[in-house]
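Would you like to practise reading a fold from its atoms? Take a moment with the sequence and the model below, then try the exercises at your own pace.

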Amino acid sequence: MNARFELTGPQTDIASYPTWAQDMVASCEDARRGIVSHEMWAAMCAATLDRQTTRNFMVGVWPVIERFPGYMSHSLLKTRFGRSPGDDLARRWLVRNIRVEQNHAEYWLNWAESAGVSRAEVLAAEPPKGTQALADWCEEVSRNDSLAAGIAATNYAVEGATGDWSQIVYESTTYAESLPVSGRKAGLRWLQLHAAYDDTHPWEALEIVCTLLGGNPPVDQVEHIRECVRRSYVSMSITLDRCMDATAMARKWNEAAA
């Protein structure tokens with residue numbers, strides 16, 4: 001039986017978690033840094049993204065935003081009240097936060113409109129090819145994998161990396177001032193919430209994962225969680241790359257047609 005896990009210090013200090021979790025986080029750090037340093041954020045902060053790339057981003061990432069409550073619902077269905085401390089912790093947390101994620105979908109649409117991409121376009125447009133990588137992976141892992149794997153891949157990895165990049169963009173005065181004054185506050189709301197709210201959210205998810213697996217889980221379980229976390233980071237990078245690549249490809253097609 002796995003040793004029961006309890007935090008040994010502050011929730012937001014990785015040293016408070018079991019050695020296996022510390023090692024897992026460290027082994028995925030390079031992939032996480034790849035997201036934080038992605039060219040998308042530098043272009044946003046400099047307000048140099050063209051309209052097409054902005055559209056690719058808003059439309060291409062929308063499936064993840066729209067489906068995120070669904071990913072969490074898949075996890076909720078796997079819990080059983082009273083079965084374990086991890087189940088109970090996950091159940092309370094998921095029930096509380098699913099409604100919050102629903103509101104975030106509305107805030108994303110407000111951001112898109114402020115950035116010049118209409119709500120109707122986000123809702124109806126076909127995402128650029130390849131941008132479904134993250135949405136497809138989140139659906140797969142939350143629906144078909146274990147409770148711990150689903151929460152680690154979506155609520156820890158995806159939300160954690162999102163908190164990192166959203167803070168970078170939100171703190172850019174240049175980006176904020178590039179949005180129309182009318183509706184700017186509402187347009188920045190999604191970034192504002194994720195830059196602050198997700199400081200603790202991923203840590204809460206990591207605590208749930210550790211409570212589910214215990215202080216000394218089998219090596220194969222730890223390796224699987226590591227693979228899921230890393231795949232989330234890689235899928236996010238692919239989605240962002242395709243948002244950028246789609247613009248370059250469209251430009252090539254237009255030049256060829258001319």
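The exercises below each come with a worked solution, and they concern a predicted model.

**Exercise 1. Describe the make-up of the protein chain: how many helices and how many strands are there?**

Start with the count: the protein chain has 13 helices and zero strands. Next, read the elements in order along the sequence; the pattern is α-α-α-α-α-α-α-α-α-α-α-α-α.

**Exercise 2. Work out how the radius of gyration of the protein chain relates to that of a compact globule.**

Step one is the expected value: for 258 residues, a compact globule would have a radius of gyration near 18 Å. Step two is the comparison: the protein chain has 19 Å, which agrees with that expectation.

Step three adds the outline. Taken along the principal axes, the C-alpha atoms of the protein chain fill a box of roughly 65 × 35 × 30 Å.

Step four looks at burial and contacts. Of the 258 residues, 48% count as buried. Among contacts with a separation of 6 or more, 81% are between residues 24 or more positions apart.

**Exercise 3. Find the largest cavity and say which residues lie nearest its centre.**

First, count the candidates: the structure holds one cavity of 30 Å³ or more. The volume of the largest cavity is about 240 Å³.

Second, look at the lining. It consists of 19 residues, and V64, I65, V158, T162 and W190 lie nearest the centre.

Third, trace the lining back to the helices. At least two lining residues each come from α4 (51-77), α5 (85-114), α8 (147-170), α11 (189-197) and α13 (219-257). The most generous of them is α4, which gives five residues.

Fourth, sort the lining by class: twelve residues are nonpolar, four are polar and three are charged.

**Exercise 4. Explain why C28 forms no disulfide.**

Begin with the cut-off: a disulfide needs two cysteine sulfur atoms within 2.5 Å. Now check the distance. The cysteine sulfur closest to that of C28 belongs to C228, and because it is 10.0 Å away, it is too far for a bond.

C138 can be treated in the same step: its nearest cysteine sulfur is also that of C228, at 11 Å, and C138 is in no disulfide. The total by this rule is zero disulfides.

To finish, check the surroundings of these two cysteines. C28 counts as buried, at 1% relative accessibility, and C138 is buried too, with a relative accessible area of 0%.

**Exercise 5. Decide whether E139 and D87 are buried or exposed, and list what each one touches.**

Take E139 to begin with. This residue is found in helix α7 (residues 133-144). Its relative accessible area is 19%, and buried means under 20%, so E139 counts as buried. Leaving aside residues up to four places away in sequence, E139 touches R67, Y71 and H74.

Then turn to D87, which is found in helix α5. Its relative accessible area is 5%, so D87 is buried as well. Again leaving aside residues up to four places away in sequence, D87 touches K78, T79, R80, L147 and L212.

One last step for D87 is to look along the chain. D87 and T211 are 124 residues apart in sequence, while their C-alpha atoms are separated by 8.6 Å.

Notes: Residues numbered from 1 in each chain as written. Predicted model: local features only at pLDDT ≥ 70, side-chain atom pairs only at ≥ 80, totals over all residues. Heavy atoms only, no water. 1 Å grid on protein atoms, 1.4 Å probe; cavity = no way out; pocket = protein on both sides within 12 Å on 5 of 7 lines; lining within 4 Å. Points joined across faces, edges and corners; volume = space filled by probe spheres on them. Helix = DSSP H or I, 4+ residues; strand = E, 2+ residues; numbered from the N terminus. Nonpolar A, V, L, I, M, F, W, Y, C, P; charged D, E, K, R; others polar. Buried < 20%, exposed > 50% of the residue type's maximum accessible area, 1.4 Å probe, protein only. Rg over C-alpha atoms; globule rule 2.2 N^0.38 Å. Contact = heavy atoms within 4.5 Å.
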